[in-house]
Amino acid sequence: MRALHQILTGTLIYSTQRKKDLPPPTFTDRDLKEGLRRSWTAELIGHLLVKYESEWYADEALSKWNEIDDLFEEEKQQQKALIEAGLDELGITEPYLRDFALKMVDEAFKYIQTNWKIEKAQRIKPSLWWKQVAQAQAQNQTTSTEQSDANTPKLSNLSADGKAWFIHPVAMIDYFPKSEILFQKGDKHEIIREINIRIAGFGGNVPTDEFTERTENMIKQFQRDYMQVEETGVVDIQVIQAIDRFQDEYSIDSFFTQARCQCSTFKNLTEPTCNGFGLNKTNNGKTDTDYAYGIEYPGLHRTLFWVLRSIMFYIDSDERCQHLTVEIVSSGYRCWADNIYNNRKSTNHMGKALDIHVIKKEKSKSEHSRDERINCCDLVRDILTEKTNAEYRWFHSNGIALENSYTRYHPTRGRDNQSIASVWVHYDVRVFESKFLKNQFFVKTAKDVNGKYLKELVKNLGS
Ligand SMILES: [Zn+2]
Ligand SMILES: [Zn+2]
């Protein structure tokens, strides 16, 4: 039970209960059901070795099964209390109506109890073979000791008390390759590129298939901050599973929907509108250097959304930010038609940038003062510079870039008054080298942001 508790509270309710000084939260049957629904918690539960009385063993009186009888009574009383409360709320006071409702509950439970009695007598009782076999084995052994010779292996007996170890045989196999190193510094593989994309928010990285020093540092940070295990800097099956869990734990689906280009909703637009991700147009025939990077990429860069996941994670786990939440992606894709409509020159948002709004959890955006909103965003900008090594403006290469705000900007290069993002957080991958801005990294669906689970991808390794 302690191990189960650990699994459920350590993973399922992980994000809300990360504060280390708190005692672990309690768990309920609902948490257990939820845990079994999710593949990665179900897998952890499947790894438990449990010593417990067999269901094929019980005493003559079926006492352990009879304990369930009382639970029916308890549940019935709870149901009745609920119904009475409901009747009160509806203002139904007539005794005959109330009695009728409660009688229905009695009848329903009588039916359930009758079935349960039949189940015990006709299904459970005949299946209790354990004790008989255990007794026969014990007898057999005492009578046959004199004939046994050294070559005959001794059969182990079923336990007399009906207790046995329960082991999930498939899950058991997983124990063996556990500490095996799948990837380490110097390696090169497509899966490494996936890892470089998926935990880019933990230190920052580009989508290369090489396992670089940055990859190693990223994995160490991910192990330290997300997994809360010893840092090894290598990829083993636990890291693979944890990245899949990170993906499940922080859904970006609704944010992706918000990030589509909105141009088709504009009225009186003469330009052809796009379907959410531009029309593959390049700099609209203009030669101005401002337009030099004005390519409409075929989607949004995957790294942006994996960084968004890490923002959500760090907001949850960093005590400075636990009162915050990502409210919305206010700007994602903005195609040329959108730019022309808004008389805007910037081309970052043609697939390489996101603007997000961050607010306090306890109130709606409109209830925030401007200063409060700037403050919320500044905290997230700090998270991005500290945890993702993002830098203000675009003087670096191959990292995450931030647009400066009134209060946060590059300490030596100052601020750029042309591009002030204060009440939203703008981050982008504009300074990625062109090979990391190839079409393959730009996607049109949240599903393609995610890709296949790493667990699935590593299955074919070494074969
Ligand atoms: Zn558009
Ligand atoms: Zn922006």
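**Zinc site and two asparagines**

Mentor: The donor residues of the zinc ion (ligand 1) are spaced C-x1-C-x10-C-x60-C in sequence; donors are N, O and S atoms within 2.8 Å of the metal (3.2 Å for Na, K and Ca), and sites may look incomplete since water is not among the atoms. This is a predicted model, in which local features need pLDDT of at least 70 and side-chain atom pairs count only at pLDDT 80 or more, whereas totals for chains, interfaces and linings use all residues. Residues are numbered from 1 along each chain as its sequence is written, chains are lettered from A and ligands numbered from 1 in the order written, and side-chain values use heavy atoms, without hydrogens or water.

Trainee: Which residues coordinate the zinc ion (ligand 1)?

Mentor: Each contact is made through an SG atom, at 2.2 to 2.4 Å. Two of these residues, C261 and C263, are buried (under 20% relative accessible area with a 1.4 Å probe, protein chains only; exposed is over 50%, partly exposed in between). The coordinating residues are C261, C263, C274 and C335.

Trainee: What arrangement do the four donor atoms around the zinc ion (ligand 1) make?

Mentor: Four donors count as tetrahedral if all angles lie between 85 and 135 degrees. Here the angles are 105 to 117°, so the arrangement is tetrahedral.

Trainee: Is N398 buried or exposed?

Mentor: N398 has a positive phi of about 60° although it is not a glycine. Because its relative accessible area is 12%, N398 is buried.

Trainee: What is the relative accessible area of N268?

Mentor: N268, not a glycine, also has a positive phi of about 60°. N268 is exposed, with a relative accessible area of 80%.

Note on methods. Tetrahedral: all angles 85-135°; square planar, octahedral: opposite > 155°, others 65-115°.
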